[in-house]
Every structure is written in C-alpha cells, then in structure tokens.
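Trainee: I would like a close look at one part of this model. Please take me through the aromatic rings and what surrounds them.

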Amino acid sequence: MPFRELRATWRSVRRALFPIEAWEPVVFLFFFSVYGLLGLNILRHSDLLQGVEEGAGSYLGYDNLFHLTTNGGAFDISHPLFNFFHITKWAIVKVVDMAAHTDIRAVFCLSLMNFLVSSGLVLLYRYLKRIVLLPVRRALLLTLLCGGSFTTIVLSFTTETYPFSFFLLILSLLVLSWEYKMRRRYQTYTMTVFALLLGGVTISNAGKPLLASLVGVCSFGQKVRNACLSLMPLLVCVILAFGMYSLKNTLMPTADASPMEATQGLLRYFHHDEQFAHEVINDFWANTFMTTPLSLQFVGQEQVFRPTEYLQGWQYTVPFVLLFLSFASIILHVRKNPYVQMLSLYFLVDLAIHLGLGYGMNEAVLFGGHFLFLVPMLIGWLYRKLPMHAHKTLDITLVVLLLCILTFNSMELNRLWTLISQ
C-alpha cells in the first residue's frame, strides 16, 4: 500500500484513541490487575498452562502449549501471518535468556495476552462512550459484563490467536465507526489495513472490515471493487508466507506437516453431527458468557477440560436474555443505523462460518473471542432506542445478569482451581 494510505490510517487510529478519558486508565488497571493475579497464580501453583504430556491443548481445546513453546511455528492458512508473533517472541526470550539467564517465555506470553484483553476492554468502553454516547455508569456496566464473561477471563491467560483477534476486532470497529462519524463513510484504506491485520491473525476475520464497503451510498459494483482491492495486500502476504514456509520445508525437511497438508487438514473441522444443537447452545453461546461445569474429556487423543451442561435449567436464562437483547437491538436499528449494520455484519460472518458451514463446532467454545464484545455494543445501542422510562429496567436486568455471570464463573474457576492445584 502507498505510504500515504498508511499515514492516513494512522491518523484515523490516533484520532479514535486520543485523547484518553479519565476512566480509561482505571478500566485498564483494574482488569490487568485482576487477570494478572489469576494468570500468575495458575502459572505458579498448577500445571494447567504447561503440564500437558500429550497433544497441544491444555484446557477448552486451546493450543496453549504449542503457542507457548513454539519458536517459528508452521504455516497455517487459518492463521497465515501469526508466525511473526512466534518469531518476535523467540527473539525477545532469547535476548533475555542470553543477558540474564532467565526464561521469561511464560511470563511474557501471559503479560501480552493480558495486555491485549485488558486493552480491548478499554476500547470497548471508549466505543460505548464516544460512538454510542452512553453515560459513564452504563458504559462501565457493559464493559464489566464483557470483562466478566468466561471466555474473556480465560483468554487473559491463554497464549493463542484469540486475544489478538479480540483486541483488533474491537479496535477495527472503533476506528471505522469513528471515521464514519467524522466523514459519513468508511475509508477504503482503513478497511485494507484491518483486513491485513485481522486476516493475518485469523483468516476468516479478514472479511469483517471488508463488509464495511457494503454500508454506504455508492453502487454495488463499486462496493465489490473496493472490497476486492482492500483484500489484495493480505492475499500477497499470505502467498509470500506460504512460499517461504514451503521453501523452508524443502531445504530443511522436518517431521511436521507441509503447508499444503496442514491446509488440507482443515477440512475435518467442517461438520454437522448429532451433537450440533448441543454445541450451538452450550459451547458456542452459553459458555462464552457464563460457563457450565467443566470436566475432563477426550478430544481426539488429548484430555482437556470441556463444558458440560448447566446444573439448573433456569441458568440458561442468562445467555438467552443476552441473545434476546442483542437481536432486539439489531431489529430496531439495522435499517437506518450504519453502526449497528456494521456490528450485524461482523456477527453474520461468525454465524455463516460456524453455524452455516459447521466450521469448528467440535471446538465451538473457543470462538467467543471473535464475537462476545458485540453483545455489549448492541445492548448499548438498545439504550438509544428504548424510551427513557425503560432505561432503569434495562439497567437492573444487566446488573442481575452481571451478578449471575460473575458468581457462577467465580464458583467454577474456584472449583477448577481446587481440582488442578491438588
């Protein structure tokens, strides 16, 4: 891309992020401290993060151990440019090891994941304040709702691609929405940059900022042309990365799968089976916000903690009320509100990939980091549509939901902590 477009994107990002509001450092320090204490305790007093003898995952099916220990990684079309993280991590860990003879790999990874998740929550708060124009107390309430959700908590101590996606997806929505607020249109160069960043981490997320081209007044042909042009830098980078790792495997053969074999192996993740309805309700939606009891289950040849079902039927009310509020906001706004249109298009990508194609539904609980932040954003817009006398009712409803989420997530994390620390 021309450097002038990169400079223009940086100006858009800078204007969306600055000046910093008074509550934002408080939000960051609160979540960073809470998540940090949780992650360090798990690291020091249990083997949940690193003590896996077989397989790559350690909990919920995340490839935590692989991403924690690998230096260069292998080309994966699902995460085509994520190897740059592994190379950077290896370089930093190597320099510190040579200088101080200390292995900081685990602490570095936990700190970075915590930073990404906590920063993402600050961006969520900023979106609610500056785009939705909510008062501080409601923006904080919805930010706490997202920060207390089970997937958000777990991502804070999970070395994976999802914390990167969580941060970048919220950043893309904030920047694109701020551009629209200032110019009444989404800039093509900004879509290009975020398609490259998001698609480089997880390929399916590349389509989300590109869908901003559908929101506007230009012709459909021009919209398609803008989306295709915005996708070109990502395609070039993916082809170069594929070629680089193909050359590496040719010159230095290893026992690892080749890039083509790894890419073809993705086909096993597309499926609809007799457990599909259970996976949609429990794994894909309910556990994202308020976890069910976790139990050790075999996934392939590895045994990991996986969700089961709620012990009491009324507990399903919590995630389904959140679902109802989200769809109510979409229905009320989607025709005339370009911001809600963007949120809906982001969510539509996940629905099409996972519920439509069945991708990853055998590991559905993993993907909450790609969409859970959309719920507080949509509920924020719901405030703008409801009459004033209904705002207090919605406040009380959200407080009750938040208390339920925090209570049951804390109870399950405490039970899990007791189990893994014995």
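Is Y59 buried or exposed?

Mentor: Some ground rules come before the rings. This is a predicted model, where local features need pLDDT of at least 70, side-chain atom pairs count only at pLDDT 80 or more, and totals for chains, interfaces and linings use all residues. Residues are numbered from 1 along each chain as its sequence is written, and side-chain values use heavy atoms, with hydrogens and water left out.

Now your question. Y59 is buried, with a relative accessible area of 3%. Buried means under 20% relative accessible area, exposed means over 50%, and partly exposed is in between (1.4 Å probe, protein chains only).

Next, the partners. Rings of Phe, Tyr and Trp (its six-membered ring) pair if their centres lie within 6.5 Å. Planes under 30 degrees apart count as stacked, over 60 as edge-to-face, and the rest as tilted. The count by this rule is 24 aromatic pairs. One of them is Y59 with F157: the centres are 5.7 Å apart and the planes stand at 50°, so this pair is tilted. Y59 lies in the loop between α2 and α3 (64–69), and F157 in the loop between α7 (150–155) and α8, so the pair ties together parts 98 residues apart in sequence. Helices here are DSSP runs (H or I, at least four residues), numbered from the N terminus. F157 is buried too, with a relative accessible area of 3%.

A second pair is Y162 with F367. It is edge-to-face: 5.9 Å centre to centre, with 75° between the planes. Y162 lies in helix α8 and F367 in the loop between α15 (338–356) and α16 (374–385), so this pair ties together parts 205 residues apart in sequence. Y162 is buried at 6% relative accessible area, and F367 is buried at 8%.

Put the rings together. Y59, Y62, F157, Y162, Y359 and F367 form one aromatic cluster.

Follow Y162 into its helix. α8 covers residues 162–183, 22 residues in total. From first C-alpha to last, α8 reaches 31 Å, close to the 32 Å expected at 1.5 Å a residue. That expected span is 1.5 Å times one less than the number of residues. α8 is mostly covered, with 19 of its 22 residues buried. Right after α8 comes R184, whose phi is positive, near 65°.

One more ring is worth a look. The charged end of R130 sits over the ring of W178, 4.1 Å from its centre. The rule asks for NZ of Lys or CZ of Arg within 6 Å of the ring centre and within 35 degrees of the ring normal.

Technical notes
Helix = DSSP H or I, 4+ residues; strand = E, 2+ residues; numbered from the N terminus.
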